[in-house]
Amino acid sequence: MPHARVSLWVGAALLGATVLLTAGILLGVDDGPFPIDRAWQDLLVPVRAPLLLWFSYAMNVIGGGWVAILVVPIGVAVVLVVLGRPWSAAYFVVAAAVSAGMVQVVKHLVGRARPEDILVISDFGSFPSGHVANAATVAMALFVLFPHLWTALAGAAWVVLMAFSRTYLGAHWLTDTIGGALIGAAAALLVAAVFAKPLRAEGLAKVTT
């Protein structure tokens with residue numbers, strides 16, 4: 001896993017970028033979308049197709065609600081415990097909880113309206129995307145625990161696909177998904193800095209057994 005100081009500084013940098021993006025939205029006109037948000041939605045809406053809609057609806061279920069809040073964190077934690085990595089399990093659950101909490105705080109702080117052509121029922125606040133934040137937290141946390149090229153590539157693909165699905169359904173503006181990715185990754189790295197010593201000891205123990 002990355003060194004604690006690296007996790008802390010990179011996580012802080014991502015959190016700082018989130019703060020800047022949040023400030024830009026708050027200082028904007030009526031907390032509305034940026035030109036790039038409108039342009040992206042204008043590009044996607046006319047080309048909505050059944051196959052991509054089916055995919056996006058599936059991602060809507062997998063990436064949010066009770067599945068993302070309970071099923072995924074608990075399921076991954078159980079697997080990690082079975083693998084003999086209880087500290088990794090605790091880290092994953094805490095990272096998921098911190099990410100979800102940060103998302104809700106920012107949602108209620110900003111109160112950004114969702115796109116007009118939304119196709120799914122969603123909760124309050126468009127910024128940031130909770131689905132993308134969940135995806136980014138899972139991706140970054142798994143990379144922290146299993147720092148391999150394949151976990152990095154798979155995680156990045158998962159976050160990009162989740163972001164695409166959210167904008168394809170009109171559930172979020174493009175910058176909402178960017179904010180979600182920043183928060184999710186930041187949460188995973190900042191929590192990793194806190195858990196650095198037990199995670200490193202646990203990883204070394206597995207290597208030597």
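**Helix packing and local geometry in the predicted model**

Leaving out residues up to four places away in sequence, Ala-68 touches Ile-62, Gly-63, Pro-73 and Asn-134. The model is a predicted one, and Ala-68 makes a handy way into it. This alanine sits in helix α4 and has a relative accessibility of 12%, so it counts as buried, the cut-off being under 20%. Along the chain, Ala-68 and Leu-149 are 81 residues apart, and their C-alpha atoms lie 24 Å from each other in space.

Helix α4 itself runs over residues 65–82. Its 18 residues reach 26 Å from the first C-alpha to the last, close to the 26 Å expected at 1.5 Å a residue. Even so, the helix isn't straight throughout: α4 bends by about 35° at Val-71, and a proline, Pro-73, follows within four residues. Pro-73 is also one of the buried residues of α4, along with Ala-68, Ala-77 and Leu-80. What covers these buried positions includes α3 (50–62), α5 (86–110) and α6. Leu-70 belongs to α4 too, but here the side is more open to view: with a relative accessible area of 38%, Leu-70 is partly exposed. Leu-70 is 93 residues from Ala-163 in sequence and 21 Å from it in space, C-alpha to C-alpha. Just past the end of α4, Gly-84 takes a positive phi of about 80°.

Next comes α5. Which span should its 25 residues cover at 1.5 Å a residue, and how far apart are its end C-alpha atoms? The expected figure is 36 Å and the end C-alpha atoms are 36 Å apart, so the two agree. The list of buried residues in α5 takes in Ser-88, Ala-89, Tyr-91, Phe-92, Ala-95, Ala-96, Ser-99, Met-102, Val-103, Val-106, Lys-107 and Val-110. Lys-107, then, is buried in this helix, as are the serines Ser-88 and Ser-99. A glycine with positive phi turns up here as well: Gly-111 follows α5, with phi near 65°.

Backbone geometry has one further entry in the loop between α5 and α6, where Pro-128 is found. The peptide bond from Phe-127 to Pro-128 is cis, with omega near -5°. As background, most peptide bonds are trans, and most residues other than glycine have a negative phi.

On to helix–helix packing. Two packed helices are described by the angle between their axes and the distance between the axes. For α6 (residues 130–145) and α7 (residues 149–168), the angle is about 180° and the axes are 9 Å apart. Angles over 145 degrees count as roughly antiparallel, which is why α6 is put down as roughly antiparallel to α7. On the α6 side, the contact is made by His-131, Val-132, Ala-135, Ala-136, Ala-139 and Phe-143. The α7 side contributes Thr-151, Ala-152, Gly-155, Trp-158, Val-159, Met-162, Ala-163 and Arg-166. Sorted by class, this contact has 10 nonpolar, three polar and one charged residues.

Some of those residues show up again around Thr-177, which has its place in helix α8 (residues 174–194). Is Thr-177 buried or exposed? Its relative accessible area is 4%, so Thr-177 is buried. Setting aside neighbours within four places in sequence, Thr-177 is in contact with Ser-129, Val-132, Ala-163, Arg-166, Thr-167 and His-172. Among them, Val-132 takes part in the α6–α7 contact from α6, and Ala-163 and Arg-166 do so from α7.

At the other end of the numbering, helix α1 covers residues 4–26. Leu-21 lies in this helix and is buried, with a relative accessible area of 17%. Which residues does Leu-21 touch, not counting those up to four places away in sequence? They are Phe-34, Phe-127, Thr-175, Ile-178 and Gly-179. Phe-127 is also the residue that precedes the cis bond to Pro-128. Leu-21 and Asp-176 are 155 residues apart along the chain, yet their C-alpha atoms are separated by 9.4 Å. Ala-23 is found in α1 as well, but is partly exposed, with a relative accessible area of 30%. Ala-23 and Ala-141, 118 residues apart in sequence, are 27 Å apart in space, C-alpha to C-alpha.

How values were computed: Residues numbered from 1 in each chain as written. Predicted model: local features only at pLDDT ≥ 70, side-chain atom pairs only at ≥ 80, totals over all residues. Heavy atoms only, no water. Axes fitted to C-alpha atoms, helices over the stretch in contact; angles between N-to-C directions. Helix = DSSP H or I, 4+ residues; strand = E, 2+ residues; numbered from the N terminus. Parallel < 35°, antiparallel > 145°, perpendicular 65-115°, else oblique. Contact = heavy atoms within 4.5 Å. Nonpolar A, V, L, I, M, F, W, Y, C, P; charged D, E, K, R; others polar. Buried < 20%, exposed > 50% of the residue type's maximum accessible area, 1.4 Å probe, protein only. Expected span 1.5 Å × (residues − 1). Bend = angle between axes of the 7 residues up to and from the residue.
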